[in-house]
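The following exchange concerns how structural terms are assigned to a model. Each reply sets a value against its definition.

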Amino acid sequence: MKTEEPVVALTLDACGGKRGNGFDRELIEWLEKEKIPATLFVTGRWIEANEEVFLNLASSPLFQIENHGMNHKPASVSGQSAYGIKGTCSIDELLEEVDKGAASIYNRTGRHPKLFRSGTNYYDDVALSIIKERGYSVVGYTIAGDGGASFSKKEIISILLKARPGDIILCHMNHPESSTAEGLMSVIPLLQEKGFRFVKLQDYPLFSRDNDKKEGEK
């Protein structure tokens with residue numbers, strides 16, 4: 001984010017699929033109790049598996065809902081894979097991934113998402129240009145907060161304590177079996193003690209996706 005204020009944005013992905021349709025209720029309920037805002041990137045397939053949960057999240061003023069695609073595919077026009085996941089293979093398939101993900105949100109909320117993060121956060125140059133032409137701000141991250149829901153509590157605390165003003169933290173809310181909730185519940189109060197505030201991405205202008213520090217996630 002373009003700011004020197006002591007703010008960071010927590011973003012939570014819900015990737016969906018056979019191994020990713022879970023919901024970390026403990027984490028979300030804690031964020032609600034502590035009034036910690038977050039931006040949620042959700043896929044259409046996750047929404048379809050969690051209809052009631054999604055509607056509750058979308059109705060909360062704490063959470064900003066954005067587009068993570070329909071089926072969590074890397075954004076490509078040639079089928080490029082990332083982290084073992086095959087990307088979209090053509091312009092038509094790319095547009096289907098983006099547009100169906102958006103429709104899953106719009107059809108349930110009446111709101112068109114404005115931000116897009118692809119599955120695995122991978123983009124080839126052509127796909128990136130097409131998505132931007134579609135009117136989206138393409139969002140990456142600056143801190144991989146939970147390593148694709150694989151980090152331990154200790155690892156999550158260690159990496160997030162290095163946060164700087166304007167950082168975008170990427171974690172996951174679809175793996176309740178992971179240490180993500182435990183880690184975030186421990187480190188967020190520590191960041192607040194350091195003077196950080198948590199904000200939604202809509203609250204501050206964003207850098208171009210071309211300037212992201214890191215690429216790729218699980």
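The questions below take up exposure, strand pairing, a ring contact and a pocket.

This is a predicted model, in which local features need pLDDT of at least 70 and side-chain atom pairs pLDDT 80 or more, while totals for chains, interfaces and linings use all residues. Residues are numbered from 1 along each chain, and side-chain values use heavy atoms, without hydrogens and water.

Q: Why does Asn56 count as partly exposed?
A: Buried means under 20% relative accessible area and exposed over 50%, with partly exposed in between (1.4 Å probe, protein chains only). Asn56 has 48% relative accessibility, so the residue counts as partly exposed. Asn56 belongs to helix H3 (residues 51–58), a DSSP run of H or I with at least four residues.

Q: What makes strand E3 largely enclosed by the rest of the structure?
A: A strand is a DSSP run of E with at least two residues. In E3 (residues 63–67), five of the five residues are buried, so the strand is largely enclosed. Phe63, Ile65 and Asn67 point one way, Gln64 and Glu66 the other.

Q: Why are E2 and E3 said to pair?
A: Pairing requires at least two DSSP bridges between two strands. E2 (residues 38–42) and E3 have five bridges in the parallel sense, and Ala38 stands opposite Phe63.

Q: How do you know that Arg117 lies over the face of Phe41?
A: The rule asks for NZ of Lys or CZ of Arg within 6 Å of the ring centre and within 35 degrees of the ring normal. Arg117 lies over the face of Phe41 at 4.4 Å from the ring centre.

Q: What classes of residue make up the lining of the largest pocket?
A: A pocket is an open set of points on a 1 Å grid over the protein atoms alone, where a 1.4 Å probe fits, with protein on both sides within 12 Å along at least five of seven lines; lining residues have an atom within 4 Å of a point. Ala, Val, Leu, Ile, Met, Phe, Trp, Tyr, Cys and Pro count as nonpolar, Asp, Glu, Lys and Arg as charged, and the others as polar. The lining has three nonpolar, nine polar and four charged residues.
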